[in-house]
Amino acid sequence: MTATFGVLGVLVAVFLVKQLNTYLLNWLVVIVLLYSAYTMLSKQKEEALEIYSEGKAKVPLRTNIDIDEKNGQNLYMPAYVGGNQAAAGLKIVSVYPDNISKGLLSVPATVITLDADTGELGR
């Protein structure tokens with residue numbers, strides 16, 4: 001089914017290249033890229049759910065630390081996935097609504113990856 005859409009997409013694109021101006025063609029390219037990204041992410045989401053459902057992932061509840069005197073909160077979310085493509089990491093998200101008035105992000109975040117075999121920081 002995907003191959004059929006790929007061939008049809010190429011044929012439609014060739015036709016449109018000859019018929020449309022550059023502005024509309026740019027929008028067509030954007031739409032195709034967004035659809036492709038959505039399709040890829042949907043497949044990855046399904047794979048992640050399958051791995052989690054099979055018990056191959058360890059995802060403990062996140063740790064929340066309230067920073068009351070700064071009107072903020074820090075959230076720590078560790079995870080590990082075993083198997084052939086083992087991975088480990090930690091997502092850290094801070095929620096500081098007052099940062100907006102300082103011209104800063106109100107929800108800064110970062111992800112730290114670790115080598116699943118050694119525990120060293122990922123590259």
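Reader: Why is Lys56 called partly exposed?

Author: In this predicted model, Lys56 has a relative accessible area of 45%. The class lies between the cut-offs of 20% for buried and 50% for exposed, so Lys56 counts as partly exposed.

Reader: What makes the pairing of Lys56 and Glu54 a salt bridge?

Author: The N to O distance between the two side chains is 3.0 Å. The cut-off is 4 Å from a Lys or Arg side-chain nitrogen to a carboxyl oxygen of Asp or Glu, so the pair qualifies as a salt bridge. The structure holds one salt bridge.

Reader: Why does Glu54 count as partly exposed?

Author: Its relative accessibility is 45%, and partly exposed covers what falls between 20% and 50%. Glu54 is therefore placed in that class.

Reader: What makes Val59 eligible for a nonpolar surface patch?

Author: A patch residue needs over 30% relative accessible area. Val59, in the loop between β1 (57–58) and β2 (63–67), has 47%, so Val59 passes that cut-off. With Leu49 and Tyr52, Val59 makes a patch of about 320 Å².

Reader: Why is Ala87 called partly exposed?

Author: Ala87, in strand β4 (residues 87–95), has a relative accessible area of 36%. This value falls between 20% and 50%, so the term applies. Leaving aside neighbours within four places in sequence, Ala87 is in contact with Ala79, Tyr80, Val81 and Ala116.

Reader: Which elements have the lowest and the highest mean pLDDT?

Author: Helix α1 (residues 2–19) has the lowest, 63, and β2 the highest, 95. The mean pLDDT of the protein chain is 82.

Technical notes
Residues are numbered from 1 along each chain as its sequence is written. This is a predicted model: local features need pLDDT of at least 70, side-chain atom pairs count only at pLDDT 80 or more; totals for chains, interfaces and linings use all residues. Side-chain values use heavy atoms; hydrogens and water are left out. Helices (H or I, at least four residues) and strands (E, at least two) are DSSP runs, numbered from the N terminus. Buried means under 20% relative accessible area, exposed over 50%, partly exposed in between (1.4 Å probe, protein chains only). Contact means heavy atoms within 4.5 Å. Patches are made of residues with over 30% relative accessible area and no salt bridge: like charges are joined within 9 Å, nonpolar side chains (Val, Leu, Ile, Met, Phe, Trp, Tyr) within 5 Å. Accessible areas come from the Shrake-Rupley method with a 1.4 Å probe; for residues, only the protein chains shown count as cover. pLDDT is the predictor's confidence in each residue, from 0 to 100.
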